[in-house]
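Subject: Structure handover and notes

Dear colleague,

I am passing on the structure we spoke about, together with my notes on it. Please look through the model below before reading on.

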Amino acid sequence: MSSIQKYTRDREDSNIGKITIAQDSCIGCGACASVSDSTYELNDDGKSMVADPNATNDETLIASAESCATQAISLFDKQGNQIFPK
Ligand code: SF4
């Protein structure tokens with residue numbers, strides 16, 4: 001089973017269409033949730049999961065991905081191209 005959790009985002013004012021979290025890379029530090037607590041929460045394994053992929057704007061979502069020291073969070077545009085990490 002894949003350890004990459006995938007979440008579809010469908011905000012009309014956003015060009016980010018997918019968020020993924022690599023569970024093996026997540027150390028459960030909570031930095032992403034500190035940037036956007038409406039987007040992320042920690043699951044029962046202490047790993048980050050997306051509670052609401054549409055909760056915040058692109059700027060904050062990118063900042064949350066940038067906050068991850070292990071680059072566990074990847075962002076993709078609506079055409080499927082990876083936009084973070086670059
Ligand atoms: S910032 Fe990265 S390592 Fe920390 S909880 Fe979020 S996804 Fe996991």
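The notes that follow take the sheet, the helix and core, the ligand shell and two backbone details in turn.

Please keep in mind that this is a predicted model, in which local features need pLDDT of at least 70 and side-chain atom pairs count only at pLDDT 80 or more, while totals for chains, interfaces and linings use all residues. Residues are numbered from 1 along each chain as its sequence is written.

The sheet

Four strands form an open sheet in the order β1-β2-β5-β6, with antiparallel pairing; helices (H or I, at least four residues) and strands (E, at least two) are DSSP runs, numbered from the N terminus, and two strands pair if DSSP finds at least two bridges between them. Because β1 and β6 stand at the edges with a single partner strand each, one side of each is left without a neighbour in the sheet. From one strand to the next the twist averages 30°, where axes are lines fitted to C-alpha atoms, for helices over the stretch in contact, and angles run from 0 to 180 degrees between N-to-C directions.

Going through the pairs, β1 (residues 4-8) and β2 (residues 16-22) are antiparallel over five bridges, and Lys-6 stands opposite Thr-20 in β2. Five bridges also join β2 to β5, where Thr-20 has Ser-74 as its bridge partner in β5. Between β5 and β6 there are two bridges, again antiparallel, and Phe-76 stands opposite Gln-82 in β6.

The helix and the core

Helix α2 lies across β2, β5 and β6, running at about 145° to β5. The largest nonpolar core (a set of buried Ala, Val, Leu, Ile, Met, Phe, Trp, Tyr and Cys residues joined through C-beta atoms within 7 Å) has 13 residues, and those with the most contacts inside it are Ile-21, Ala-65, Cys-68, Ala-72, Ile-73 and Leu-75. The elements that give two or more residues to this core are β2, α2 and β5, with the largest share, three residues, coming from β2.

Ala-65, which sits in helix α2, is buried, as 23 other C-beta atoms lie within 10 Å; a residue counts as buried at 20 or more such atoms, exposed at 12 or fewer, and partly exposed in between, with C-beta atoms placed from the backbone. Not counting residues up to four places away in sequence, Ala-65 touches Ile-73, Leu-75 and Phe-84, contact meaning that C-beta atoms, placed from the backbone, lie within 7 Å. Leu-75, with neighbours within four places in sequence left aside, is in contact with Ile-16, Ile-19, Leu-61, Ile-62, Ala-65, Ile-83 and Phe-84.

The ligand shell

Of the 14 residues around the ligand, Cys-26, Cys-29, Cys-32, Ser-48 and Cys-68 come nearest, a residue being near if its C-beta atom, placed from the backbone, lies within 6 Å of the molecule. By class the shell has nine nonpolar, five polar and no charged residues, where Ala, Val, Leu, Ile, Met, Phe, Trp, Tyr, Cys and Pro count as nonpolar, Asp, Glu, Lys and Arg as charged, and the others, Gly among them, as polar.

Backbone details

The peptide bond from Phe-84 to Pro-85 is cis, with omega near -10°, and Pro-85 lies in the segment after β6 (82-84). Gln-71, in the loop between α2 (58-66) and β5 (73-77), has a positive phi of about 50° although it is not a glycine.

With best regards

Definitions and conventions:
Two residues are in contact if their C-beta atoms, placed from the backbone, lie within 7 Å.
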